[in-house]
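Here is a short briefing on one protein chain. It covers overall build, surface and charge, one loop residue and the cysteines.

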Amino acid sequence: MSSINEVQDEIIDEFSGMTDWMDRYAYIIELGNALHTLPESQKTADNLIDGCQSRLWLNAELCDDGCIHFMADSDAIIVKGIVSLLIRVLDGRSPHEILDADLYFIDRIGLHEHLSPTRSNGLLSMVKQMRMYALAFKAKQDAAKA
């Protein structure tokens, strides 16, 4: 499996070939369309991300191998595309890796500067929630070791 930074570098390379932001948005939408939908049973208030303009549900499970599996869905296709990028980078990682990750690809592909303020806040909320899951699962792992 590639490292978090290798995956981020792949994403940066993919976006560097697109100079027009309309092409980049189209690609993000394509990624959103490819994201597996979250089962209706997981579209609960507990999984709803605060701070997003549209509705975004994010769920995480700690797998037997100690890594976190993320699943998400949104009623806005651009949000689905954005969260799919985060999932691509962070899915299947240990809580420690997620907490230590510097998600530099977000700035390097120009995502922050090309999102509306509310979408940008939503992106920060997504990252924050993914890190909160990692923190909770790390505490659970540490307690099991003690």
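Of the chain's contacts with a separation of 6 or more, 64% are between residues 24 or more positions apart. The model is predicted. Seven helices and two strands make up its list of secondary-structure elements.

**Fold and dimensions**

- The order of elements along the sequence is α-α-β-β-α-α-α-α-α.
- The two strands thus follow two helices in the pattern α-α-β-β-α-α-α-α-α.
- A compact globule of 146 residues would have a radius of gyration near 15 Å, and the chain agrees because its value is 15 Å.
- Along the principal axes, the C-alpha atoms fill a box of roughly 50 × 30 × 25 Å.

**Burial, surface and charge**

- Buried residues make up 47% of the 146 in the chain.
- The accessible surface is about 7700 Å². Carbon and sulfur atoms contribute 52% of that surface.
- The chain carries 13 positive and 23 negative charges. The mean positions of these two sets lie 4 Å apart.

**S54, a loop residue**

- S54 sits in the loop that runs between α2 (21-34) and β1 (56-62).
- Is S54 buried or exposed? S54 counts as buried, because its relative accessibility is 14% and the cut-off for buried is under 20%.
- Leaving aside residues up to four places away in sequence, S54 touches S74, D75, A76, V79 and R119.

**Cysteines**

- How many disulfides does a search of the whole structure find? The search finds zero.
- C63 takes part in no disulfide. Its nearest cysteine sulfur belongs to C67 and is 7.4 Å away.
- C67 is likewise in no disulfide, and the nearest cysteine sulfur to C67 is that of C63, at 7.4 Å.
- A disulfide here requires sulfur atoms within 2.5 Å, so the C63 and C67 sulfurs, at 7.4 Å, do not qualify.
- C63 has 32% relative accessibility, so C63 counts as partly exposed.
- C67 has 16% relative accessibility, so C67 counts as buried.

Definitions and conventions. Residues are numbered from 1 along each chain as its sequence is written. This is a predicted model: local features need pLDDT of at least 70, side-chain atom pairs count only at pLDDT 80 or more; totals for chains, interfaces and linings use all residues. Side-chain values use heavy atoms; hydrogens and water are left out. Helices (H or I, at least four residues) and strands (E, at least two) are DSSP runs, numbered from the N terminus. The radius of gyration is taken over C-alpha atoms; the globule rule is 2.2 Å times the number of residues to the power 0.38. Buried means under 20% relative accessible area, exposed over 50%, partly exposed in between (1.4 Å probe, protein chains only). Contact means heavy atoms within 4.5 Å. Accessible areas come from the Shrake-Rupley method with a 1.4 Å probe; for residues, only the protein chains shown count as cover. Lys and Arg count as positive and Asp and Glu as negative; His and the chain ends are not counted. The place of a charge is taken as NZ of Lys, CZ of Arg, CG of Asp or CD of Glu.
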